[in-house]
Amino acid sequence: MSGTRSEPVRVLIVDDEPGLTELLSVAVTEAGWRPYPAPDGHSALRVARARAPHAVVLDGMLPDLDGIQVLRRLRQENPKLPVLMLTARDALEHRIDGLASGADDYVTKPFSLEEVVLRLRALLRRSGAADPRSGASVLALGDLVLTEETREVHRDGTRIQLTAKEFDLLGLLLSHPRQVLSKTQILDRVWSSCFDGGGNLVEVYISSLRRKIDRGRTPMIHTVRGVGYAIRPPGDGR
């Protein structure tokens with residue numbers, strides 16, 4: 001069995017701002033998924049029943065129902081449906097309310113579309129929904145292969161054991177080959193948070209990945225001083 005799907009992943013986008021909804025729909029489409037926009041809570045519930053989405057992007061403030069109300073109703077009908085909350089409210093209590101009500105992740109406005117797609121991709125992977133990128137769930141660069149479905153990593157045919165966070169970090173790097181990612185970007189996308197000492201945390205995990213991926217082999221994980229980290233094919237040390 002390959003990692004392909006017979007139809008695209010369906011993403012319900014619930015937001016009352018037409019411009020933002022359009023941008024999110026474009027980002028979802030470019031990711032290989034099919035967007036289903038809804039401008040308010042009641043419409044979102046109707047679309048969810050009709051389309052059975054694989055994931056939901058849900059604004060916390062809607063013109064009819066509160067986002068938390070919509071979230072709870074979605075959870076009643078499908079407890080395992082991945083939900084990413086979007087809101088302009090960044091107070092800690094609002095994050096706690098959203099997560100306690102069943103949200104799987106939480107992003108505050110303003111946000112980058114790339115961040116939303118990456119977080120959605122992580123939610124879809126954890127939920128078991130196939131990711132249709134290039135019709136497969138395998139990321140490969142040189143002799144390094146990461147299989148998302150089985151969460152296995154091989155280099156030069158040898159299986160490499162990684163922790164959950166090491167796997168997520170490597171997956172992020174492989175999703176952006178040759179691109180330099182800053183410590184802040186890595187911390188936000190792998191740990192979904194930013195806290196004191198986060199840069200040191202990233203350094204620790206990069207060091208651990210290097211020991212497992214690069215030890216005794218041509219290095220692939222590179223440090224760009226003052227900028228961040230990049231993964232490149234063996235021998236490409238630019």
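A residue is called buried under 20% relative accessible area, exposed over 50%, and partly exposed in between (1.4 Å probe, protein chains only). The exercises below concern a predicted model, in which local features need pLDDT of at least 70 and side-chain atom pairs count only at pLDDT 80 or more, while totals for chains, interfaces and linings use all residues. Residues are numbered from 1 along each chain as its sequence is written, and side-chain values use heavy atoms, with hydrogens and water left out.

**Exercise 1.** Determine which helices are joined by the salt bridge between Lys 183 and Glu 203, and state how accessible Glu 203 is.

*Solution.*
Step 1. A salt bridge requires a side-chain nitrogen of Lys or Arg within 4 Å of a carboxyl oxygen of Asp or Glu. For Lys 183 and Glu 203, the closest N and O atoms are 2.3 Å apart.
Step 2. Helices (H or I, at least four residues) and strands (E, at least two) are DSSP runs, numbered from the N terminus. Lys 183 belongs to helix α7 and Glu 203 to helix α8 (residues 198–213), and the pair, 20 residues apart, links distant parts of the chain.
Step 3. Glu 203 has a relative accessible area of 36% and is therefore partly exposed. Lys 183, at 30%, likewise counts as partly exposed.

**Exercise 2.** Explain what the salt bridge between Glu 114 and Arg 189 ties together, and classify Arg 189 as buried or exposed.

*Solution.*
Step 1. The closest N and O atoms of Glu 114 and Arg 189 are 3.0 Å apart.
Step 2. Because Glu 114 lies in helix α5 (residues 113–127) and Arg 189 in helix α7 (residues 183–191), the pair ties together parts that are 75 residues apart in sequence.
Step 3. Arg 189 has a relative accessible area of 16%, so this residue is buried. Glu 114, with 34%, is partly exposed.
Step 4. The structure holds 16 salt bridges.

**Exercise 3.** Describe the open sheet formed by four strands and identify its edges.

*Solution.*
Step 1. Two strands pair if DSSP finds at least two bridges between them. The order of the sheet is β6-β7-β8-β9, with antiparallel pairing.
Step 2. The edges are β6 (138–141) and β9 (158–160); each has a single partner strand, so one side of each is left without a neighbour in the sheet.
Step 3. Within the sheet, strand β7 (residues 144–147) is joined to strand β8 (residues 152–155) by four bridges. Leu 146 stands opposite Val 153 in β8.
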